[in-house]
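Thank you all for coming; I would like to walk you through one structure this morning. Please have the sequence and the model open in front of you while I talk.

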Amino acid sequence: MDCLVVGIDGLDPGLVEEWSEHLPTLSRLTESGTFGRLHSSYPPLSSPAWPTLFTGKQGGKHGIFGFTKERESGHDRVPVNYDDVAAESIWEALDDAGVSIGVANVPLTYPPSDLDHGYVVAGWPVPNRVDVGNPQSVVETVERELGERYRVHPFPMEPELKKYTPAETREAIVDGMEHHARAFEILLEHHPTDVFFGVFMAIDHASHHLAWEREELRRAYIAQDEALERILSYADDETDVVVLSDHGHGAQGDLNFHTNEWLAAEGYLKKADLAVNSDGLLRSLGVTRENLIALKNRLGIDDVRQLVPQSLFSLVEAVVPPAKGTEAGFSPVQIDWSETVAYSGMQNTISLDDEIPETERAELRAEIAERLANLDHPQRGGDLLTYAHTREEIFTGPYEDDAPDIVFVMDEMRCKANVGFADDEGLFTSLEWGEHRQRGVLLTAGPNFTTATNTGKRDITDVFPMLCSLLEVPAPEQIDGDLPTERLAGEVDLERRTETEWTADTEEYTDEETAAVRDQLEDLGYLK
């Protein structure tokens, strides 16, 4: 194997350094190679971050800005998938050059690419009961060797985790990590390729749920380090190793900021006058998602989604509200669009309504960004805003017009920017939740890497050209990433090539698939 790339979603560089004495695998790689920070996408969320990493382009060129997109008509939002990525991926570039590559569990890769010299096992999120492998025979190998069904998302649902102790939560998440580790080992053994690119998701889950339980989070890091050691056993002295994360994690969130409530208070959005609040009535009767989960557990049912049709499961989820209104996500029916100029349909973003004239948009973006900057932290005082970038500051390319008008982060992500309304609880509500950080990890080691100590500022787009250089494959001329020459040994070169025009496939999920994917996204709070 020429190159082994291991992604660990949400691996935080600060925590890796803090706990280095307990992480012998990561420490050994650091001593023999180069450890540094990798600047994530805007915003630092998995949905834009992984496509930015695996295409080497920012969102204006690949078209992914969040886990959802607006339908062509109206404001209703549907989940994105790999067909929406309008740029060439690193595995497609390598495959075209005759380099065989195995891709496993990289987020936002369903439906999986059809490669001539390798395979793709799609990563989260995926609809229920679909073929996630291309060819599917590689998944059949995994399932035969595992002795069980391969699970892209082998973690309990969030309402269940809420009922666990911190130790039980960590154990359940590590069990999911072990499932992926064993699958990766089977793929490496039974389907060898020149390059392997696999992603673990457990640290992201652990960091969301255990940010305030640092000892349990540390134990999850130790388990991940041990799993990484097993994967590295398939590399030899001639293998270059890259360990990376799409963003950092573990910020101890203490507040929700309800963006649409703020926009309404500032006069940019008007709430619709809903005659009947059915959610409130159901909550008053005790009919909530959490109570249904508790009933399921008492009846000894494991995963209800394997017992009932997705259509029935989706209907129940659409009708039955969460216990708190603040747990609900974006719903366009709650907005009076005739008197709304700005809204938040995705976490950490604000979009202007399409009806706003182009001549007014730049001034309106700047005005809203300035008002965000004037917000004070409601508990500690002082500036709340970390940054607010307008569209033209961070996105360029054919999909710039599809980008949110403002991307913002508050209190280094300790204040979560929610898209749901707050049910009259105010602009801010309390939170105990782990959130992302802007900088992830880039760790490189092997015969073609140096042991540089000054890595400079590296961007998530720089991974693509680095891999192309290592494998002597020409890189598409329109990538945004730069070659990290300080990490590469010997004479370093990156050949460029004219790239084939790449467009997104407009085919969307079916209604049933949409419901299944929304369920998974809500599980980690990405639609709230």
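Before I point at anything, a word on the naming: when I speak of a helix, I mean a DSSP run of H or I with at least four residues, and the helices are numbered from the N terminus. With that in hand, I can place R391, which sits in helix 16, covering residues 391-394. Please keep in mind throughout that what you are looking at is a predicted model.

Let me stay with R391 for a moment. Buried is used here for anything under 20% relative accessible area, and R391, at 7% relative accessibility, therefore counts as buried. Its side chain has a polar atom that lies 2.7 Å from the backbone oxygen of A403. If we set aside residues up to four places away in sequence, R391 touches R361, R365, E400, D401, A403, P404 and D405.

Now the overall picture. The protein chain contains 18 helices and 20 strands, and of its 528 residues 59% are buried. Its accessible surface comes to about 21100 Å², with 45% of that belonging to carbon and sulfur atoms. As for how the chain is connected to itself, if we take the contacts between residues at least 6 apart in sequence, 74% of them join residues at least 24 apart.

Let me turn to the sheet. Nine strands form an open sheet, in the order 7-6-5-8-1-9-17-2-18, and the pairing is mixed. Strand 7, residues 133-134, and strand 18 stand at the edges, and because each has a single partner strand, one side of each is left without a neighbour in the sheet. As a general reminder, strands of a sheet pair through backbone hydrogen bonds, either parallel or antiparallel.

Both senses appear here. Strand 2, residues 34-39, pairs with strand 17, residues 439-445, in the antiparallel sense over six bridges, and within that pairing T34 stands opposite T444. Strand 2 also runs parallel to strand 18, residues 458-459, to which two bridges join it; there the bridge partner of L38 is R458. Strand 2 is itself mostly covered, since five of its six residues are buried. Elsewhere in the sheet, strand 5, residues 101-104, and strand 6, residues 118-121, run parallel and are joined by four bridges, and V103 has V120 in strand 6 as its bridge partner.

Next, the aromatic residues: a search of the whole structure finds 15 aromatic pairs. One of these is the pair of F54 and Y82, which is tilted, with 6.1 Å centre to centre and 50° between the planes. The pair links distant parts of the chain, as F54 belongs to helix 3, residues 46-55, whereas Y82 is in the loop between strand 4 (77-79) and helix 5 (90-96), 28 residues apart. Both F54 and Y82 are buried. Another pair, F257 with F408, is edge-to-face, at 6.5 Å centre to centre and 90° between the planes. F257 lies in strand 10, residues 248-258, and F408 in strand 14, residues 406-410, so this pair ties together parts that are 151 residues apart in sequence. At 0% relative accessibility F257 counts as buried, and F408, at 0% relative accessibility, counts as buried too. Finally, ring pairs link F54, Y82, W91 and F197 into a cluster.

That brings us back to helix 3, where F54 sits. Helix 3 is mostly covered, with 10 of its 10 residues buried, among them W50, P51 and L53. The residue that follows helix 3 is G56, which has a positive phi, near 75°.

Let me set helix 10 beside that, and ask how far apart its end C-alpha atoms are. At 1.5 Å a residue, the 19 residues of helix 10, residues 214-232, should span 27 Å, and the end C-alpha atoms are 27 Å apart, which agrees. The buried residues of helix 10 include E216, R218 and D225, along with L217, Y221 and I231.

I will finish with a loop residue. G382 is placed in the loop between helix 15 (358-373) and strand 13 (385-390), and at 39% relative accessibility G382 counts as partly exposed. Leaving out residues up to four places away in sequence, G382 touches L375, D376 and H377.

Note on methods: Residues numbered from 1 in each chain as written. Predicted model: local features only at pLDDT ≥ 70, side-chain atom pairs only at ≥ 80, totals over all residues. Heavy atoms only, no water. Expected span 1.5 Å × (residues − 1). Buried < 20%, exposed > 50% of the residue type's maximum accessible area, 1.4 Å probe, protein only. Polar contact = N/O pair within 3.5 Å; in protein donor to acceptor, adjacent residues only side chain to side chain. Contact = heavy atoms within 4.5 Å. Areas by Shrake-Rupley, 256 points an atom, 1.4 Å probe, with all protein chains shown as cover. Pairing = 2+ DSSP bridges. Phe/Tyr/Trp six-rings, centres within 6.5 Å; stacked < 30°, edge-to-face > 60°.
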